[in-house]
Amino acid sequence: MRASVAMVGPCAADMTVYFYAILFARYPEVRGLFPDDLDVQRDRLLRGLLQIVDLVDDPENLIRFCGRLGRDHRKFGALDGHYPAVGECLLASLARYAGPAWSPELAAAWTHGYGVVAQVMMHAAGEDARTAPAVWEAEIIHHVHRGHGIAEITVRPDAPYPYTAGQYASVETPWHPKAWRYYSPAHAPRPDNTVTFHVRAVAQGRVSQGLVYSAKPGDVVRLGPTQGDMTLDPRTNRDLVCVAGGTGMAPIKALVEDAARTGTERYVDVFVGARTAEELYGLDDMLRMSQRHHWLSVRAAVSHERIAGLEGTLPRVLNEFGPWYRHEAFLSGPVDMVTQASATLARQGIPQERIHFDPFDVPVLEAALLPRQLREPPED
């Protein structure tokens, strides 16, 4: 299976276009499950295939990944009857782009592999349907602009919305149906069931642009189930080092709130990074929290502005403090920042299993385990 994916790699984009073309031609009834713009969806299919292939010799994580995928697909309206159609078109696409290398042995391996994946996904979706809705309708009750294209948006779901501090949620807006994007609650769970997201409007991001500039109190969005493993382990009181950049502050703030709420016995060091001091988003909130909790230390770093005591990249600043080898690490922010900080902390002795960050770009398709090339820290 890995060899066949490597073979179609150079034409992967064309293969995913072909897959959706024949899927909709053969089974037009499934077209309504997908957004009008399929660009993101095609990328998700490819990432999903790469993830499954990456885990074919790791049954525990493969089942974990596919179970999450099955539960999450409930929000799309996926039914058991859709899985055979997808499998048929997937194998047809692989066969077309693998060319002469496609063999009966490869076809048998993919048929068996897809069958296992589909069974795990369907079972997980069925179990989840017994206890939870597929989606939550959530009314926007508070919308505040925080500058630099960031809005703080508070919603009230129509039913209890379970999550653990540090997890992320998928959000669908009425302006772009079926286009789901991922945001982390910026706090630990609240008694009143409200949820606050910090959303940055990104270039060409129609969902984020709508949430920041068009949404208003009274509008209703939909939430999918929460996911993610960037959560505190209640079985340990290991000290924490947290790194946040931009709206990546949201899950870090939620983790600190959770530690405070549970009466933590550990020390927590939070590093906030940005290009300039003006862009140090969320720093004031964290400093106020540090004044209330003796175990919380907060430091900032700016990389593109000369300010005494703040100048430097986050990896450089991390190197100046510590040591961190006994700590648990939580990282959230831009990909480059997370990658560099992860490598820095690994070099200081924190094992990879104690360095936590959400997967890049499309969380639901990479939540179980990052592809091998991303699990290895980059070279200096």
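## R261 and its partner in helix α8

R261 is exposed, with a relative accessible area of 52%; in this report, exposed means over 50% relative accessible area, buried under 20% and partly exposed in between, for a 1.4 Å probe and protein chains only. R261 forms a salt bridge with D258, and the closest N and O atoms of the two are 2.7 Å apart. A salt bridge is here a side-chain nitrogen of Lys or Arg within 4 Å of a carboxyl oxygen of Asp or Glu. Unlike the exposed R261, D258 is buried, at a relative accessible area of 11%. Both residues belong to helix α8 (residues 249-261), where a spacing of three residues separates them by about one helical turn. Helices (H or I, at least four residues) and strands (E, at least two) are DSSP runs, numbered from the N terminus.

The model is predicted, so that local features need pLDDT of at least 70 and side-chain atom pairs count only at pLDDT 80 or more, while totals for chains, interfaces and linings use all residues. Residues are numbered from 1 along each chain as its sequence is written, and side-chain values use heavy atoms, with hydrogens and water left out.

Helix α8 also holds A254, which is buried, with a relative accessible area of 0%. The C-alpha atom of A254 is separated by 8.4 Å from that of P189, a residue 65 positions apart from A254 along the chain.

## Salt bridges across the chain

The structure holds 17 salt bridges. One of them joins D229 to R68, with 2.5 Å between the closest N and O atoms. This pair links distant parts of the chain, for D229 lies in the loop between β6 and β7 (240-245) and R68 in helix α4, 161 residues apart. The two partners differ in exposure: D229 is partly exposed, at a relative accessible area of 34%, whereas R68 counts as buried, at 12%.

A further salt bridge connects D128 with R74, whose closest N and O atoms are 2.7 Å apart. D128 is in helix α6 and R74 is in the loop between α4 and α5, so this pair ties together parts that are 54 residues apart in sequence. Both D128 and R74 are buried. In addition, salt bridges link R146, E152, D285 and R288 in a network.

## A buried arginine without a salt bridge

R354 occupies the loop between α11 (335-347) and β11 (355-357). R354 is buried but has no salt bridge, and the nearest side chain of opposite charge, that of E328, is 4.0 Å away. For this purpose Lys and Arg count as positive and Asp and Glu as negative, while His and the chain ends are not counted. A polar atom of the R354 side chain lies 2.5 Å from the backbone oxygen of Y325.

## The largest cavity

Two cavities of 30 Å³ or more are present in the structure. A cavity is a set of points, on a 1 Å grid over the protein atoms alone, where a 1.4 Å probe fits but cannot get out; lining residues have an atom within 4 Å of a point. The largest cavity has a volume of about 640 Å³, a volume being the space filled by probe spheres set on the grid points, which are joined across faces, edges and corners. The largest cavity is lined by 30 residues, and L45, L69, H73, V86 and M121 are the closest to its centre.

Helices α2 (12-26), α3 (39-54), α4 (59-72), α5 (82-98) and α6 (104-129) each supply at least two lining residues. The largest share, six residues, comes from α3. By class, the lining comprises 23 nonpolar, five polar and two charged residues. Ala, Val, Leu, Ile, Met, Phe, Trp, Tyr, Cys and Pro count as nonpolar, Asp, Glu, Lys and Arg as charged, and the others, Gly among them, as polar.

## The second largest cavity

The second largest cavity encloses about 50 Å³ of space. Its lining consists of I153, V155, V171, Y183, F197, V199, L211, V221 and L223. Two or more of these residues come from each of β2 (150-157), β5 (195-200) and β6 (220-223). The lining contains nine nonpolar residues, with no polar and no charged ones.

## Positive phi values in two loops

N193 is found in the loop between β4 (180-183) and β5. Its phi is near 70°, a positive value in a residue other than glycine.

Q204 lies in the loop between β5 and α7 (206-214). Phi of Q204 is near 65°, again a positive value in a residue other than glycine. Q204 is exposed, with a relative accessible area of 79%.

Notes:
On a 1 Å grid over the protein atoms alone, a cavity is a set of points where a 1.4 Å probe fits but cannot get out, and a pocket is an open set with protein on both sides within 12 Å along at least five of seven lines; lining residues have an atom within 4 Å of a point. A polar contact is a pair of N or O atoms within 3.5 Å; within protein, one must be able to donate a hydrogen and the other to accept it, and residues adjacent in sequence count only if both atoms are side-chain atoms.
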